Amino acid sequence: MNVAITSRSFFGQALHRPTPFLDFLLPSFTIPSSRTRYAPITSSSASPNTEPSPSSLKSFSSNKRRKPLSKTQREFLDRGLRVNQAGELAATLIYTHQTPPITRAHPHLRSLMHRMYFQEAGHFSTFNEMLAKHRIRPTAMYPVWSAAASVLGWGTGLMGREAAMACTEAVETEIGGHYNGQVRVLLGWVKEMEDKGEEVGEEVRELVSTLKRIRDEELEHLDEAVGEGAREAKPYELLNRVIRSGCKGAIWISERV
């Protein structure tokens, strides 16, 4: 009970204050525009650039009947959005604690760390708003994940550039696969609605679009991490295995608690 109360209090504070602006993340030059790139996601069953794009996601018609989401579908979204919000909180804390030692040792990474942090902070804000709008409770493990993400970011940051990038690669592999799975399920719902002649609601269409965008940005982080030496980390295999296992466990628990 104490954990749940702490979680609600912690979440409420985060929800009603702006994402912290971290001065040490500011670059000394212009940030390059985001690029759309894709990388294989080993934990996903589909490649993002081959997924279907139903026409109903691009157009709106009021001539079709609209059917409410089923209880199973609502429960799926509750679980998914709860995990998404917790994952984005963790990502912002990882970058917050990695950035000072990494940018001191490798000043050229200042712009990259700045961009990845603020993209994750934007994702976090998006899911905060969704949870508040739909009255979805955050995970009761919120304080635990906050502490774990902070320790992970601080530890891999002290280990050096390669370890920090290996951490990003491992996390984004699991999170990218998680988002990709959600997109595929939602696209399945859309196809089913189309086949039955039902209207795809505005919120479903917006959710698919938002998840695709966030997933693609996470995959870009994965690409950047590999390009900055993630697989040169020592011990790479151990780091990758441990962090990915931790992410899988956190996802499983957050869906249920």
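Select Asp216 and Arg215 to begin: both residues are buried, where buried stands for under 20% relative accessible area, exposed for over 50% and partly exposed for the range in between, with a 1.4 Å probe and protein chains only. Asp216 and Arg215 form a salt bridge whose closest N and O atoms are 3.1 Å apart, a salt bridge being a side-chain nitrogen of Lys or Arg within 4 Å of a carboxyl oxygen of Asp or Glu. The model is predicted, so local features need pLDDT of at least 70 and side-chain atom pairs count only at pLDDT 80 or more, while totals for chains, interfaces and linings use all residues. Residues are numbered from 1 along each chain as its sequence is written, and side-chain values use heavy atoms, with hydrogens and water left out.

**More salt bridges**

The whole structure holds 13 salt bridges. Select next Glu202 and Arg205, whose side chains meet in a salt bridge at 2.3 Å, N to O; both lie in helix H6, three residues apart, about one turn of the helix. Helices here are DSSP runs (H or I, at least four residues), as strands are (E, at least two), and they are numbered from the N terminus. Glu202 counts as partly exposed at 35% relative accessibility, whereas Arg205 is buried, with a relative accessible area of 11%.

Then move to Glu169 and Arg231, whose side chains form a salt bridge of 2.8 Å, N to O. Because Glu169 belongs to helix H5 and Arg231 to the loop between H6 and H7, this pair ties together parts that are 62 residues apart in sequence. Glu169 is buried at 4% relative accessible area, but Arg231 is exposed at 52%. To leave the salt bridges, select Arg115, Glu220 and Glu224 together, which are linked in a network of such bridges.

**Aromatic pairs**

Three aromatic pairs are found in the whole structure; rings of Phe, Tyr and Trp (its six-membered ring) pair if their centres lie within 6.5 Å, and planes under 30 degrees apart count as stacked, over 60 as edge-to-face and the rest as tilted. One of them joins Tyr117 and Phe118, edge-to-face, with 5.0 Å centre to centre and 85° between the planes. Tyr117 is buried at 1% relative accessibility, while Phe118 is partly exposed at 27%.

Select Phe127 and Tyr179 next: their ring centres are 6.1 Å apart and their planes at 15°, so this pair is stacked. Phe127 lies in helix H3 and Tyr179 in helix H5, so the pair ties together parts that are 52 residues apart in sequence. Phe127 counts as buried at 0% relative accessibility, and Tyr179 counts as buried at 1%.

**Two pockets**

The largest pocket holds about 540 Å³ of space. Of the 20 residues in its lining, select Leu69, Leu77, His134, Glu203 and Val204, which are the closest to its centre. H6 gives the most to this lining, with five residues, and the lining of the largest pocket divides into nine nonpolar, two polar and nine charged residues.

Finish at the second largest pocket, with a volume of about 380 Å³. Its 19 lining residues include Ala90, Leu152, Gly246, Cys247 and Ala250, the closest to its centre. H7 gives the most to the lining of the second largest pocket, with seven residues, and this lining has 16 nonpolar, three polar and no charged residues.

Methods
On a 1 Å grid over the protein atoms alone, a cavity is a set of points where a 1.4 Å probe fits but cannot get out, and a pocket is an open set with protein on both sides within 12 Å along at least five of seven lines; lining residues have an atom within 4 Å of a point. Grid points are joined across faces, edges and corners, and a volume is the space filled by probe spheres set on the points. Ala, Val, Leu, Ile, Met, Phe, Trp, Tyr, Cys and Pro count as nonpolar, Asp, Glu, Lys and Arg as charged, and the others, Gly among them, as polar.
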